[in-house]
Amino acid sequence: IYGAYKKGKFALSLGINPVGGGGSATFDNGLPSFEIPVSALVPTLNAQLQPVDDYIEFMSGSNPGFSNISGYSADIAFEGSSVYWGFQLNASYEINDMFSVAVGGRYISAKNVYTGSFQNVTIDAPAAYGGTQAPGDYLRTVEDITGVSSLGDAANLVDAQTADFEVDVTQSGSGFAPILGVNISPNDQLNVAVKYEFAAKIELENDTEVDGSGMFPDGEKVRNDMPAMFSAGFDYKITDKLTVASGFHMYFDKNANYGKKLNGVYVDNDELIDRNSTEFALGLEYDISEKLLLSIGYLHTQTGVSEDYQTDLSYSNHSNSIGLGGGYAIKPGINLNLGIGYTIYNDARKIYDASNPLGGTITTTEEYDKDNLFIALGLDFKLGKN
C-alpha cells in the first residue's frame with residue numbers, strides 16, 4: 001500500500017510493503033543439512049564392515065558379505081517462510097522547480113518460520129541378515145553373529161546420529177532505518193533521483209517449540225540486519241509517447257551482520273562477503289493511447305558473497321530478471337496496472353567437509369539454483385488536482 005498527499009511545496013507519503021525475506025518454500029525431500037548424516041551411511045558402514053568381511057574370508061575362505069549395503073532411505077521434509085514488512089513514512093519539500101528533498105524512516109518487522117522433520121532412517125542390508133532395517137539394528141545383528149564388540153559402540157553412535165527429530169521454530173525481530181532523498185528535474189523531459197537508506201540493526205529471537213536438530217536453541221538471538229543502500233536513477237522522455245528509465249543500486253552488505261557462522265562461530269559479514277552487491281536496471285515505457293501504456297524492463301543483480309557465505313537455508317546468487325507490464329486508465333484518476341516477470345539465477349556451489357555418522361569427515365558439494373516467476377496487479381487512485 002502506497003499513498004501520498006501534496007499541499008503546496010510539501011508532501012507526505014507512506015508505504016507498507018515487504019522489504020526483505022525470501023517468501024516461502026516447501027522442500028518435500030528436506031535440506032542437505034538434514035540429510036548429510038544419512039547420505040554418508042552406506043559408504044561409512046561399508047568401510048566399517050569391510051575389514052570384518054575380509055577377516056572372516058581370510059579365516060574361513062568364505063566372504064559373509066556384511067558390507068554389501070546397497071542404499072538408504074529416510075523421510076525428510078522442510079518448510080520455511082521469511083518476510084520483512086516495512087512501514088515507511090516520508091516528508092518531502094520542493095526547494096524550487098528543479099530541486100526537491102525528502103527525509104523518512106522505515107520500521108521493519110521481521111519474521112521467519114521453520115518447520116521440518118527427519119524420520120524413519122533405514123538401510124538396505126543383505127536379505128540374509130534382515131534386509132531393510134535401521135542402521136544401528138543391523139550393526140548389532142552383525143555384532144551378535146561375529147562377536148566384534150566395537151560394532152555395538154558404532155551402533156549406539158549411529159542411533160544418535162539418525163534418530164527421529166522435528167523442528168518448529170519462529171524467529172522474530174524489528175529494526176529502524178532512516179532514509180534521505182534528493183530529486184532533480186532540470187527540465188520537463190529529464191528527472192533524476194538519489195536515495196540513501198541507512199542500515200537497520202535487526203536481532204531475531206528464537207521462539208522454539210521443538211528442535212531435535214539443535215540448530216535453533218530456544219531464546220537464542222541472532223543478528224539479521226537490513227544493509228544500508230544507495231540508489232540513483234533517472235527517467236527521460238525521448239518522445240511524448242516513449243520514456244526510458246535506468247537505475248543503479250548498491251547494498252552495503254559488508255558492513256551489515258546477517259547472523260552467519262564460519263566454522264561454527266558467528267561472524268560479521270566482512271568475513272564472508274568479498275564485495276557489496278549491486279544492481280543495474282533499465283526500462284522502456286510506451287504510451288499506445290491515452291488509456292493504454294506498455295513497458296518492458298531488465299534487472300541484473302551481481303552479488304559479492306564468498307563460498308563460505310552460502311548455506312541451504314540462506315544463499316545468494318547472481319541473477320537476471322526480465323519483466324513486461326501494462327497500465328490501463330479505467331476512468332480519470334483510476335489506473336489498473338499489471339506486471340509479469342521472470343528471474344533466472346546463476347548456478348553456485350559450495351564444497352566443504354561434513355561429519356559422517358561415525359564421527360569422521362566427508363567432502364560435501366552443495367549446489368544452489370532457482371528460478372522465479374512473479375506476477376503483480378495494482379490499482380492507482382488519484383484525488384484532487386495535485
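Which strand supplies the largest share of the negative patch? In this predicted model, the answer is β8, which contributes four residues. The patch lies on the surface and is formed by D75, D164, E166, D168, E203, E205, D207, E209 and D218. Both β6 (165-184) and β8 (203-211) supply at least two of its residues. One member of the patch, E203, lies in strand β8. E203 counts as partly exposed because its relative accessibility is 39%, a value that falls between the limits of 20% for buried and 50% for exposed residues.

From the surface, attention may turn to the interior. In soluble globular proteins, nonpolar side chains tend to be buried together. Here the largest nonpolar core has 29 residues, and those with the most contacts inside it include L41, L45, F66 and Y138. Several elements each supply at least two residues of this core, among them α1 (32-39), β3 (72-94), α3 (135-146) and β6. Helix α2 gives the most, with five residues.

Charged side chains also pair with one another, and the structure holds six salt bridges. One of them joins D137 to R140, with the closest N and O atoms 3.4 Å apart. Both residues lie in helix α3, three residues apart, which is about one turn of the helix.

A further salt bridge connects K195 and E197 at 2.8 Å, N to O. K195 is partly exposed, with a relative accessible area of 28%, whereas E197 counts as buried because its relative accessibility is 8%. These two residues are linked with R106 in a network of salt bridges. Finally, D225 forms a salt bridge with R223, the closest N and O atoms being 2.7 Å apart; D225 is buried at 7% relative accessibility, and R223 is partly exposed at 25%.

How values were computed:
Residues numbered from 1 in each chain as written. Predicted model: local features only at pLDDT ≥ 70, side-chain atom pairs only at ≥ 80, totals over all residues. Heavy atoms only, no water. Patch = residues over 30% accessible without salt bridge, like charges linked within 9 Å, V, L, I, M, F, W, Y side chains within 5 Å. Areas by Shrake-Rupley, 256 points an atom, 1.4 Å probe, with all protein chains shown as cover. Salt bridge = Lys/Arg side-chain N within 4 Å of Asp/Glu carboxyl O. Lys, Arg positive; Asp, Glu negative; His and termini not counted. Charge placed at Lys NZ, Arg CZ, Asp CG, Glu CD. Buried < 20%, exposed > 50% of the residue type's maximum accessible area, 1.4 Å probe, protein only. Core = buried A, V, L, I, M, F, W, Y, C linked by side-chain atoms within 4.5 Å.
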